[in-house]
Amino acid sequence: MSDGVTHRGNISQHVQAIPSSGIRRFFDLLASMEGVISLGVGQPDFVTPNHIRQAAIKSIEDGETYYTSNYGLVELRAAISRHLNRLYGIRYDAGTEIIVTAGVSEGLQIALEAILDPGDQVLSPDPGYVAYLPAVLLAGGVYMQVPTRSDDGFQLHPDELESRITPRTKAILFGYPANPTGAVMTRETAQAVADIAERHNLFVISDEIYDRLVYDTEHVCFATIPKMKERTILLGGFSKAYAMTGWRLAYTCARSELTEAIMKVHQYVMMSAPTPAQFAALQALNAGEEDVRGMVSEYDRRRRMLVNRLNAMGLPCADPHGAFYAFPQIGGSGMNDESFAERLLMEERVAVIPGSAFGEAGAGHVRICYAQNYDLLVEAMDRIQRFLERHRVGSK
Ligand SMILES: Cc1ncc(COP(=O)(O)O)c(C=O)c1O
């Protein structure tokens with residue numbers, strides 16, 4: 001409060017400033033219904049592979065029930081370092097540049113806390129992952145959106161990004177492959193964004209939680225662009241590629257001074273990431289990529305079917321090259337995205353998320369998660385088609 005008076009009993013202003021979740025109301029509704037095919041929640045339908053579960057069970061039986069180092073198990077950090085080097089040729093020092101966190105959710109928050117002063121601005125593509133705005137607000141920052149559009153596959157336009165930079169801009173935050181659009185950042189765009197970060201001396205937070213889920217294209221690890229390792233905080237995790245959402249395990253990678261700053265937040269809010277989950281993650285990395293490859297090829301099969309069906313039924317859909325989301329336009333139905341999603345749920349028992357939950361530029365779209373059983377997806381597409389036929393503009 002600017003009047004200098006403490007308003008006892010009031011919730012903090014930065015928490016009050018966080019808009020209530022557009023998705024939560026929807027999930028409350030869904031939870032009370034039967035026979036719903038949910039294409040809503042963004043998590044793999046697969047159970048964590050058995051050998052990974054067994055590694056956690058063994059660690060518990062062996063009595064590994066203590067805190068680990070604040071940075072995480074040293075063997076796990078070494079395995080993460082080797083993994084990133086093998087995939088992208090980048091080198092992070094396991095001793096000073098990697099912190100194991102309780103999910104990318106934690107990594108995102110502590111990275112922002114470490115770099116933002118009150119009023120610092122963070123630029124981020126719109127539509128974007130629902131947690132980015134609240135995370136920035138909670139860290140005292142100001143969230144500034146850079147619109148993207150479906151007609152070019154939701155690519156971030158470097159000139160639009162640069163035009164929004166002010167003297168208070170501190171960082172660029174993005175996640176590619178993207179939630180909710182499935183867009184992937186091209187190497188050319190990454191280079192142009194890197195030039196902007198360099199020119200204006202900005203931090204970059206690159207959320208690469210979907211890095212292993214790309215189809216017919218490459219994932220560009222942002223920190224591998226020349227000079228970007230210095231200014232980038234890379235967020236990587238186990239939730240999506242290894243079907244490990246419930247384990248809460250991920251990591252931050254950044255140069256040592258930045259990692260030290262992030263550690264100051266991590267050690268007091270989290271102490272260390274869950275120990276059994278760290279043993280599970282170590283097994284996931286040591287075992288190779290066979291499970292990941294199997295899941296990715298199944299996601300790809302679903303993706304192709306879904307995109308074909310959506311386009312054929314008149315819901316134009318940019319080809320999603322990564323993650324496990326399709327983000328079709330639903331304007332042709334004559335409804336806005338909120339009423340489309342609500343009526344689809346009530347009338348055909350299919351849950352999708354209204355695009356406006358991900359930012360203004362998401363309006364007129366819905367997010368469909370295809371991390372769902374293939375036959376159920378086909379059934380969901382049949383139901384959506386029936387729904388559209390009933391509501392097609394001009395028909396009764
Ligand atoms: C882009 C993005 N970042 C981060 C997360 C959260 O990841 P974690 O489970 O590691 O906290 C999600 C989960 O949906 C996501 O879509």
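Let's start with one pair of residues: the side chains of R304 and D216 meet in a salt bridge, with 3.6 Å from N to O. That counts because the rule asks for a side-chain nitrogen of Lys or Arg within 4 Å of a carboxyl oxygen of Asp or Glu. Keep in mind as you look around that this is a predicted model.

Now zoom out to see where this pair sits. The chain splits into two domains: domain 1 takes in residues 13-47 together with 291-391, while domain 2 covers 50-286. If you find the C-alpha centre of each domain, the two centres lie 25 Å apart.

So how many salt bridges does the rule find across the interface of domain 1 and domain 2? There are two. Polar contacts cross this interface as well, with 16 residue pairs found by the rule, both partners at pLDDT 80 or more. On the domain 1 side, the elements that each give two or more residues to the surface touching domain 2 are α1 (13-16), α11 (290-312) and β9 (325-326). Helix α11 gives the most to that side, with eight residues. Sort the residues on this side of domain 1 by type and you get 23 nonpolar, nine polar and six charged.

What about the interface as a whole? In total, 38 residues of domain 1 are in contact with 35 residues of domain 2. Between them the two domains bury about 2800 Å², and 63% of that is on carbon and sulfur atoms.

Let's go back to salt bridges for a moment, this time across the whole structure, where a search finds 27 of them. One to look up is the bridge between D45 and R302, whose closest N and O atoms are 3.1 Å apart. This pair ties together distant parts of the chain: D45 is in the loop between β1 (37-38) and α3 (50-61), R302 is in helix α11, and the two are 257 residues apart.

Our last stop is a small piece of strand architecture. Three strands form an open sheet in the order β9-β12-β11, and their pairing is antiparallel. Why is one side of β9 and of β11 left without a neighbour in the sheet? Both β9 and β11 (353-354) stand at the edges and have a single partner strand each, so one side of each has no neighbour there. Follow β11 across to strand β12 (residues 366-369) and you'll find two bridges joining these antiparallel strands. For P354, the bridge partner in β12 is V366.

Notes
Residues are numbered from 1 along each chain as its sequence is written. This is a predicted model: local features need pLDDT of at least 70, side-chain atom pairs count only at pLDDT 80 or more; totals for chains, interfaces and linings use all residues. Side-chain values use heavy atoms; hydrogens and water are left out. Domain bounds come from an automatic or database domain assignment. Contact means heavy atoms within 4.5 Å. Buried area is the accessible area (1.4 Å probe) that two parts lose on being put together, summed over both. A polar contact is a pair of N or O atoms within 3.5 Å; within protein, one must be able to donate a hydrogen and the other to accept it, and residues adjacent in sequence count only if both atoms are side-chain atoms. Helices (H or I, at least four residues) and strands (E, at least two) are DSSP runs, numbered from the N terminus. Ala, Val, Leu, Ile, Met, Phe, Trp, Tyr, Cys and Pro count as nonpolar, Asp, Glu, Lys and Arg as charged, and the others, Gly among them, as polar. Two strands pair if DSSP finds at least two bridges between them.
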